Amino acid sequence: EIKALDRPHALRSQKTGVEVSYTYVEEGQEQAGVSKLISLYQDPVFMKHLQAGTLTGVHSKEPTLDDVFIELTGRCLK
């Protein structure tokens with residue numbers, strides 16, 4: 001059964017979305033958070049540390065074709 005048919009880039013961008021992980025310092029300790037890129041501006045922790053200048057790292061992760069396959073089928077290829 002065909003679950004989806006499109007270009008690889010289109011499949012990756014329409015399914016799970018780009019995920020952003022970030023690290024920040026709070027009370028002398030490095031902490032971590034994760035948010036979707038599309039709603040990053042609505043993440044209160046990210047916005048607080050962005051404005052305070054206490055972000056120590058920001059990294060994005062685009063979904064792979066494997067991620068899309070697992071989301072569509074519920075299983076992975078061996």
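**Reading a predicted fold, feature by feature**

Modeller: Lysine 3 has a relative accessibility of 49% and therefore counts as partly exposed. The model in which we read this is a predicted one.

Biologist: How should such a percentage be read, and what is the partner of lysine 3 in a salt bridge?

Modeller: Under 20% a residue is called buried, over 50% exposed, and in between partly exposed. The side chain of lysine 3 meets that of glutamate 1 in a salt bridge, with 3.9 Å from N to O. Glutamate 1 is exposed, because its relative accessibility is 86%.

Biologist: How many salt bridges does a search of the whole structure find?

Modeller: The search gives four. The idea is to look for a side-chain nitrogen of Lys or Arg within 4 Å of a carboxyl oxygen of Asp or Glu. One of the four joins arginine 7 and aspartate 6, at 4.0 Å from N to O. Arginine 7 is exposed at 57%, whereas aspartate 6 is partly exposed at 38%. Another joins lysine 61 and aspartate 67, at 3.1 Å from N to O. Lysine 61 has a relative accessible area of 45% and is partly exposed; aspartate 67, with 27%, is also partly exposed.

Biologist: Let us turn to the sheet. In what order do its three strands stand?

Modeller: The order is E2-E1-E3, in an open sheet with antiparallel pairing. Strand E2 (29–36) and strand E3 (55–61) are the edge strands, and each pairs on one side only. Direction ignored, neighbouring strands of this sheet are turned by 20° against each other on average.

Biologist: Over how many bridges do E1 and E2 pair?

Modeller: Strand E1, residues 19–26, pairs with E2 over eight bridges in the antiparallel sense. To locate a position along this pairing, one may start from serine 21, which stands opposite valine 34 in E2.

Biologist: Which strands does helix H2 lie across?

Modeller: Helix H2 lies across E1 and E3, and runs at about 55° to E1. When reading any α-helix, recall that there are 3.6 residues a turn, so residues three or four places apart point the same way.

Biologist: What is found at the start of helix H2, and what follows H2?

Modeller: The helix spans residues 44–52, and at its start a side-chain oxygen of aspartate 43 comes within 3.0 Å of the backbone nitrogen of valine 45. After H2 comes glycine 53, with a positive phi near 75°.

Biologist: How is a pair of aromatic rings described?

Modeller: One gives the distance of the centres and the angle of the planes. This structure has two aromatic pairs. In one of them, tyrosine 22 and phenylalanine 46 meet edge-to-face, with 5.2 Å from centre to centre and 70° between the planes.

Biologist: Which parts of the chain does this pair tie together?

Modeller: Tyrosine 22 belongs to strand E1 and phenylalanine 46 to helix H2, so the pair ties together parts that are 24 residues apart in sequence.

Biologist: Are these two rings' residues, tyrosine 22 and phenylalanine 46, buried or exposed?

Modeller: Tyrosine 22 is buried, because its relative accessibility is 4%. Phenylalanine 46 is buried too, with a relative accessible area of 8%.

Biologist: Which residues form the aromatic cluster?

Modeller: Tyr22, Tyr24 and Phe46 form one aromatic cluster.

Notes
Residues numbered from 1 in each chain as written. Predicted model: local features only at pLDDT ≥ 70, side-chain atom pairs only at ≥ 80, totals over all residues. Heavy atoms only, no water. Polar contact = N/O pair within 3.5 Å; in protein donor to acceptor, adjacent residues only side chain to side chain. Helix = DSSP H or I, 4+ residues; strand = E, 2+ residues; numbered from the N terminus. Pairing = 2+ DSSP bridges. Axes fitted to C-alpha atoms, helices over the stretch in contact; angles between N-to-C directions. Contact = heavy atoms within 4.5 Å. Buried < 20%, exposed > 50% of the residue type's maximum accessible area, 1.4 Å probe, protein only. Phe/Tyr/Trp six-rings, centres within 6.5 Å; stacked < 30°, edge-to-face > 60°.
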